[in-house]
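This report looks at two places in a protein model: one residue and its surroundings, then a bound ligand and the residues around it. Please keep the sequence and the structure in view while reading.

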Amino acid sequence: MPAPTPASTPAPWWRDAVFYQVYVRSFADSDGDGLGDLPGITSRLRYLRDLGVDAVWITPFYPSPQHDAGYDVADYRDVDPRFGRLSDVDDLLTRAHRLGLRVVVDLVPNHTSSDHPWFRAALAARPGAAERARYLFRQGRGRRGDRPPNNWESVFGGPAWSRVEDGEWYLHLFDTSQPDLDWRNPEVPAMFDDVLRFWLDRGVDGFRVDVAHGLFKVASLRDQRGVTHGGDLPSDREDRAMVERTVRDEPMWDQPEVHEVYRSWRRLLEQYDGDRMAVAEAWTQTPESMARYVRRDELHQAFNFAWLLAPWSAEAFAEVVRGTLAAVAPVGAAPTWVLSNHDVVRHPTRYGGGPRGLARARAATLTMLALPGSAYLYQGEELGLEEVDVPPESRQDPYWFRTGKPGRDGARVPIPWRGSRPPYGFGPAGTTPWLPMPDDWAALTVGRQRKDPDSTWTFYRDALRARRRWATCGEVEIVEGRRTVLHLRRGDLTVVCNCGSRPVRLPAGEIVQASGPLHGDLLPPDTAVWLV
Ligand code: NOJ
Ligand code: MG
């Protein structure tokens, strides 16, 4: 059910929606091939309605050689047979809409798969041919042209250029199997306009735009200055802990020309009824640069990764809230919040793991859910799942293959639904999931947690209910956010999150939701509470 909006301020549905990210291959496997699929999702939509989310974002299910789990698209207008058929998308949309859920699909415009007919044609053509001009093919440096055209590094490690047989190089900011498109070639935007229309005509409610900050590179393709490492995704545990705060020279990201694309997409989306929307995945360097993607005539939302990158600290959280609200206010956009997704270490693990990591994760979630704008949840966080240490022989992330660092598979392990042994109802009995599931997840299954009033699942359901009731209007005031306690007010709601190591006295008020047990009028460490 979409959240009720007060008659005086008719806000579009997405403005304060809670989105649930479904990572297709790991959600629910209907046919036992070990990969989640569209019929699997459809069969679980009721679960999402019961949990209390408003919308579902589904990661790529298009035909793909799956070198980057579907973020390498070989055909933008079809479904990979491993995930189903086009009619399964229609069924999913019909069922979701009937249950009052919106559906957002992933759009991958920065690069295609190397299996896309365009890239195959480019390889078959000669240097200088029109077929090559849809991508970024260049001569190499050096007398024999055997050095890459510039010093850019792939986000997944190693050079961002690969050489083809006739000696030219092509740019791939991600894996070699993900050649970057040249958005200065008019054929490229024209193709994506058609792709948007294709899915809008089928009834999707919006798009999550992959690598939205990447489409244009500086026209000269000049060297990046002061490179130490080239990644934009904080992709392994150590790197993710040390987030650089200084502004880097990034000629491959966040170029001004990209905004014209989003202006034209906004116009296209507005030709449809039903408040269709788009959310940008833009790893920009500052809240201000993030806000440029959500100016009134551009995209509706942009992921705000500030909280996800922040340490467990009241001061850091206060700064995230302050910085985010200040950045989006001038452009009139609503903020978004997210703590986990399929590219980062799950937040209980980031906060130290074990019971303390989970307590902190629940506290951060409850605090986040009180804030204005919309929130994005990642499948499995409602079960308190931790990052899994996937054995090296089972890892599939291209980042692992290119760098030898663990990569993102640990956040992508399939969901445990029921039972006491793998695959825990993820697929029919006997299914071998595409990533091994831990042997000790029996207590974490949906089946077990739904019956337990103290489980993380029950906490999420209650917090989402409480959000509808208490956290849909009012400005945020930061009462205290300097030392160990984050204390916010929003309308009638008071939010206190204790990031310190000692209990603190609760302010006056009636408790409407807590992230964990309270001790009388004391708020224990690693706990958050809502009061009215
Ligand atoms: C961001 C996606 O979330 C990630 O999973 C993918 O590897 C890159 N974009 C490249 O498409
Ligand atoms: Mg399957």
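Arg490 lies in strand 13, which covers residues 485-490. The model is a predicted one.

**The residue Arg490**

Is Arg490 buried or exposed? Its relative accessible area is 7%. Arg490 is therefore buried, because a residue counts as buried under 20% relative accessible area.

Which residues does Arg490 touch, leaving aside its neighbours within four places in sequence? Its contacts include Ala370, Leu371 and Pro372. Arg490 is also in contact with Ala471, Thr472, Cys473, Gly474, Glu475 and Val476.

Asp389 gives a separate distance to look at. Asp389 and Arg490 are 101 residues apart in sequence, and their C-alpha atoms are 39 Å apart in space.

**The ligand**

Ligand 1 is surrounded by 13 residues. The closest of these are Asp68, Arg208, Asp210, His342 and Asp343. By type, the shell around ligand 1 consists of seven charged, four nonpolar and two polar residues.

The table lists distances from an oxygen atom of ligand 1 to a side-chain N or O atom of three residues.

| Residue | Distance to an oxygen atom of ligand 1 |
|---|---|
| Asp68 | 2.6 Å |
| Asp210 | 2.7 Å |
| Arg408 | 3.0 Å |

How much of the area that ligand 1 exposes when taken alone does the protein bury? Taken alone, ligand 1 exposes 300 Å², and the protein buries 100% of that area.

Definitions and conventions. Residues are numbered from 1 along each chain as its sequence is written. Chains are lettered from A and ligands numbered from 1 in the order in which they are written. This is a predicted model: local features need pLDDT of at least 70, side-chain atom pairs count only at pLDDT 80 or more; totals for chains, interfaces and linings use all residues. Side-chain values use heavy atoms; hydrogens and water are left out. Helices (H or I, at least four residues) and strands (E, at least two) are DSSP runs, numbered from the N terminus. Buried means under 20% relative accessible area, exposed over 50%, partly exposed in between (1.4 Å probe, protein chains only). Contact means heavy atoms within 4.5 Å. A residue is near a molecule or strand if one of its heavy atoms lies within 4 Å of it. A polar contact is a pair of N or O atoms within 3.5 Å; within protein, one must be able to donate a hydrogen and the other to accept it, and residues adjacent in sequence count only if both atoms are side-chain atoms. Accessible areas come from the Shrake-Rupley method with a 1.4 Å probe; for residues, only the protein chains shown count as cover. Ala, Val, Leu, Ile, Met, Phe, Trp, Tyr, Cys and Pro count as nonpolar, Asp, Glu, Lys and Arg as charged, and the others, Gly among them, as polar.
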